[in-house]
Structures are given as C-alpha cells and as structure tokens.
Amino acid sequence: MDNANIYSVSQLNHAAKMLLEGQLGQVWLTGEISNFSQPVSGHWYLTLKDENAQVRAAMFRMKNVRVSFRPQNGMQVLVRAAVSLYEPRGDYQIIIETMHPAGEGLLQQRFEQLKMKLAAEGLFAQNLKKNLPHFCKTVGVVTSPTGAALQDILHILKRRDPSLTVIIYPTAVQGNDATAEIVQMIELANARNEVDVLIVGRGGGSLEDLWCFNEETVARAIFNSAIPIISAVGHEIDVTIADFVADVRAPTPSAAAELVSRNQDELLQQLTYKMQHLDMAIDRCLGLKYQRLQQLNLRLQRQHPQMQLQAQAQTTAQLVQRLRNAIQRVMDKKHYQLTALSTRLVNNPLPHQVQKQSQYVEQLQVRLDFGLKKGVNTKQHQLANLCAKLDGLSPLKVLSRGYSIAENEQGKALTSVSQIQANAKLKTRFADGVVISQVIEIN
C-alpha cells in the first residue's frame, strides 16, 4: 500500500471541493424550488429539482436582498450559481449568486448574452455616437400611436416649443410584430430624411413587455441610423439594449421631449441678449470712428497749406461714408440675425414682447442715422471755419492789402538792411507779380 495515496476524510472533501469549483465554476441552471427555508441569519436554503434529480442550494443574505420576488416552493426559477461542496458533511451543493423567475430569467440571460456580443462588436462605443442637433425643426417619434408615451411627448413639445414639427412613425411596441415594425419605421425615417432627430420608445412595462427593444435587429437598426436617435424606453429604472446603442438615452419619453425642444423663455432671453450685443457693438463702432475723426481734425488744425486742407477734407468725407457703410453692414447683419430669431418665434405666445423689441431696434437705427447726420454736419461746419481762418492768415492775403516781400536771389525773405549788399539783385514779390531790381545805395 502506498501511503502517498491515502487521504483523510477532510483531505478528500477539500480535494473534491477544489475539483468541483475549478472544473465547473459558475453555471446557469433552471429547476423547481422545494424545501425552502430562511433562518434568522437571513440566508436562504432550498433544493432545486427536476423530474429526475435534485441538488441542495444556498443563497446568502448579501445576495438574496437583490432578488425582486419571494421564492416559494413549487416555483420554477433560473439561477446563476457556483458549484461547490460543504466540507464538514461532504454535501455537494450550489451557491446561488442571482435568481429570476424562470421565464424572466431566461430573458435576462438572453439580454446579458446579446449585450456582451454587441459590446464586443463596438456598437456601444461612445466615439461612434452622433451629437443631437443644436436647433431641431422637425422631430420624429417611433412609438405606438395610441400609447400614453406619445401623448406625453406631444404635450411637452407643444408647451416648450410649439413651432416644432412632429412626424409620427406608428408602430407596435409590444408583441410578435413589434420588432419588425420598429426596424421598418427607423429605416423609413432614414429613407425620407425629413426629421432632425428620432425618439424611439414607449412607456413602462415588464421585461417581457419591453423585450422588442432588446432584439438584435432593433439594436442594429438604431446603430445604422444616419439620424441621431434618442432611446426613451420605459421608466428610469428600465434598461434595454436600445439604450446602450442609441446616441442618447432618456430616462423617460417625457425627458426625451425636453431634450429636443427649446424653452420659449430661453429663446426670448437669447433674443434680448443679441439686441444688447448689437447696441454695444454700435456704440463701440461709433466711439472708434469718432475718436479717429477727432485725431484727423487735430492733424488738420496743425497743417496750413490750402491743398492739404482740401485733401484732408476729402479724406474726412470718405471716412464718414465708410463709417456709414460699416454701420449699415453691421445693422444688416444684426437685422438678419434678428429676423431669423423672430421666425423661430412665429407661433410664440409672446408676440407683444417680440414686437416691442423690434420697435426698439428700429428706434435705435433712426437714432443712429440722426446722430451720424448731426455729427457730420457739425464737423463740416468746423472744417469750413478752420479753412476761413487759415485763408485769412495766408501770406497771399497780406500781399493783396498793399504789402510786399523782398527776397534775395536765392529766394530767401529779407528782414533787415544788414542782409543786403550794394549792387545786389533783389526780388520784390507783390500780390500780382514779382519785380527784380538792383541795389544802388543803402542808407
């Protein structure tokens, strides 16, 4: 006898436990509950059986608190469990991790399998998800035409943004025909290309009720859609495969409607902000141009020749015209933006406020034109006065009053007899000509 092959009972049970756990690990199995008990420890002990065999099972308190139903003897369940052995008694058993009613449990198993498959293929990747449009003009809804979810969506869209156009793609959302119809409506919406975003969903229900949104064909239709899709299936606690594939997941259909609509108060606030921005831009533009005009006036006041004054006057007139053109371009651009925003608010229940703001913009434009005209007239008047003063100080004006200017042969003005030599030639400049003479005597 080889002593190396002799086991104690404890060694045998431990080896058997290691073998079971190592070879089988966790398994899914279905069976009927019998001998269910729950001692004060909170753990569950039961037997799972079928027509030909049974196995002891335990589910510890930290795991069974997540089970949404109360197990009963005779109930068919689906469990995920680890195969093990209770060493002190040598009893083969399973340790249950999760438990579901048999029908729902099988669906849950299918859900997990499809989720892992699609995730491995990259259908849930965040970098492939499309962004929702910033402004939606037309919203498509793929849902039941008679369901409460559609009414919730329409109510919220009408309240928040009545200018939105809604196109309904009717489909069953429960039953054997639902999967094919949902896929057909998503493909139809893409073929027509008439909406900016699609809401796909329905109201709450059991896992079986929502199952069409866990089908692989629906998931692939959502993934292949060129139109951004919001998944809005069930209540916040409900999670479907469609939620993982969609570009955005909304916890409820009502939340999806809020995502695609713009609040009227927000639009009015934006309009007010743009008008304030227009006012500030006009004031800034006028300030810069007026400052430039002041600088040009200073330069004109420091320059005397008449031709330069005229050139600066022409430059000033050109700058004034450019200022008018620039302001007109700014006004046209802002007026276009205001018109675009006003179009969004055609059906807005606040037309009085919009009309009031539009009148305010027109008043600003009238004030701007008046201010420009007044400013230009004032500067032209000032320029004429400066020209008159400069003309009065012109040397030619002095000569016209009977004075003359004596210059040497080099054209330098003579201011003293000490600058003149005998027999030198002089130029005497009168208002109407020049006389050349020779010095005979200096006294």
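Is R160 buried or exposed? In this predicted model, R160 is buried, with a relative accessible area of 14%. That value counts as buried because the cut-off is under 20%. R160 belongs to helix α4, which covers residues 148–160. The side chain of R160 makes a polar contact with the side chain of S261, at 2.7 Å.

Helix α5 was examined next. α5 comprises 15 residues, 178–192. At 1.5 Å a residue, α5 should span 21 Å. The C-alpha atoms at its ends are 21 Å apart, so expectation and model agree. The buried residues of α5 are A178, T179, I182, V183, M185, I186 and A189. They cover an arc of only 160 degrees around the axis, which means that they lie on the same side of α5. An α-helix has 3.6 residues a turn, so residues three or four places apart point the same way. The face turned away from this buried side carries A180 and A191, both exposed. After α5 comes N193, with a positive phi near 55 degrees.

Several elements contribute to the cover over the buried residues of α5. Strands β6 (138–143), β7 (165–170), β8 (197–202) and β9 (229–233) are among them. Helix α6 (216–224) is also included.

T179 gives a residue-level view of this packing. T179 is found in α5 and is buried, with a relative accessible area of 15%. This value too is under the 20% cut-off for a buried residue. Beyond residues up to four places away in sequence, T179 touches C212, E215, T217 and V218. Of these contacts, T217 and V218 fall within the residue range of α6, 216–224.

The strands covering α5 also belong to a sheet. The sheet is open and has 5 strands, in the order β7-β6-β8-β9-β10. The pairing is parallel. β7 and β10 (248–249) stand at the edges. Each has a single partner strand, so one side of each is left without a neighbour in the sheet. In the order of the sheet, β8 lies between β6 and β9. At the β10 edge, β9 and β10 run parallel and are joined by 2 bridges. Within this pairing, S231 stands opposite R249 of β10.

Taken together, the description of α5 has two sides. The buried side is covered by elements including β6, β7, β8, β9 and α6. The opposite face carries the exposed residues A180 and A191.

Definitions and conventions:
Residues numbered from 1 in each chain as written. Predicted model: local features only at pLDDT ≥ 70, side-chain atom pairs only at ≥ 80, totals over all residues. Heavy atoms only, no water. Helix = DSSP H or I, 4+ residues; strand = E, 2+ residues; numbered from the N terminus. Expected span 1.5 Å × (residues − 1). Buried < 20%, exposed > 50% of the residue type's maximum accessible area, 1.4 Å probe, protein only. Arc of directions from axis to C-beta. Contact = heavy atoms within 4.5 Å. Polar contact = N/O pair within 3.5 Å; in protein donor to acceptor, adjacent residues only side chain to side chain. Pairing = 2+ DSSP bridges.
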